[in-house]
Amino acid sequence: TTALEDLLHAQLSIEAQSLALRDDFRRIREELQQAAQDEANASARPGRRGASMYAPLNLFARGRNGSLEIYWQEVHVHGKSRTKRFEYIPRNSKGGYSIPRLLARARPFEVELVHETERRAQELRILWREYSAIRRALNRVEVVCRHRIAENPVNQRAPARIELVPTLEPA
């Protein structure tokens with residue numbers, strides 16, 4: 001395999017890790033939300049339900065056109081029509097999220113999960129950025145090499161196949 005193929009496999013692995021991170025966040029958050037809801041119901045007056053444990057903060061991840069997007073949004077659902085409204089959460093200048101601002105939007109039962117998930121998401125974003133820079137550099141090297149080979153007249157007369165160990169043909 002070539003270096004470029006190995007790099008693409010590594011990027012696919014990072015993309016798979018980001019999708020798994022998203023799925024794990026949603027699954028664990030749902031479990032924490034249900035536990036908090038059960039606790040609220042248990043502490044409510046008999047015959048009443050506890051306050052709803054609504055958690056709008058959500059992690060999204062997807063690979064798209066050779067890039068990776070890992071981002072946070074708040075998803076609000078209108079009570080009567082059940083229409084979803086997505087509120088974009090701005091990133092900082094480094095391409096990640098401010099942990100304190102993100103945690104301010106998190107519900108008490110999910111604060112630790114959001115913190116740990118964003119830490120891992122930042123690691124994946126940095127890895128993706130570094131692999132993408134290497135991929136662009138390899139592509140530039142390949143283009144330059146092709147261009148120089150095409151310009152060199154000596155290479156036009158070169159044999160189509162070069163053997164490192166010559167084959168012995170019977171005489």
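Contact here means heavy atoms within 4.5 Å. In this predicted model, Leu57 touches, leaving aside residues up to four places away in sequence, Phe25, Arg29, Trp72, Gln73, Glu74, Ile89, Leu102, Arg105, Ala106, Glu110 and Val114.

Leu57 also belongs to the largest nonpolar core, which has 21 residues, and it is listed with Ile70, Trp72, Leu102 and Val114 among those with the most contacts inside that core. At least two residues of this core come from each of helix 1 (3-43), strand 1 (57-64), strand 2 (67-77) and helix 3 (111-151). As a general background, nonpolar side chains in soluble globular proteins tend to be buried together.

The structure also holds three aromatic pairs, and two that involve Phe60 are set out below.

| Pair | Centre to centre | Angle between planes | Arrangement |
|---|---|---|---|
| Phe60 and Tyr71 | 5.4 Å | 10° | stacked |
| Phe60 and Phe86 | 6.2 Å | 70° | edge-to-face |

The pair of Phe60 and Tyr71 links distant parts of the chain, with Phe60 in strand 1 and Tyr71 in strand 2, 11 residues apart. The pair of Phe60 and Phe86 likewise links distant parts, since Phe86 lies in strand 3 (residues 84-88), 26 residues from Phe60. Phe60, Tyr71 and Phe86 form one aromatic cluster.

Because buried means under 20% relative accessible area, Phe60 counts as buried at 17%, and Tyr71, at 17%, counts as buried too, whereas Phe86 is partly exposed, with a relative accessible area of 45%. Phe60 has a charged partner as well: the charged end of Arg26 sits over the Phe60 ring, 5.0 Å from its centre.

Conventions: Residues are numbered from 1 along each chain as its sequence is written. This is a predicted model: local features need pLDDT of at least 70, side-chain atom pairs count only at pLDDT 80 or more; totals for chains, interfaces and linings use all residues. Side-chain values use heavy atoms; hydrogens and water are left out. A nonpolar core is a set of buried Ala, Val, Leu, Ile, Met, Phe, Trp, Tyr and Cys residues joined through side-chain atoms within 4.5 Å. Buried means under 20% relative accessible area, exposed over 50%, partly exposed in between (1.4 Å probe, protein chains only). Helices (H or I, at least four residues) and strands (E, at least two) are DSSP runs, numbered from the N terminus. Rings of Phe, Tyr and Trp (its six-membered ring) pair if their centres lie within 6.5 Å; planes under 30 degrees apart count as stacked, over 60 as edge-to-face and the rest as tilted. A charge sits over a ring if NZ of Lys or CZ of Arg is within 6 Å of the ring centre and within 35 degrees of the ring normal.
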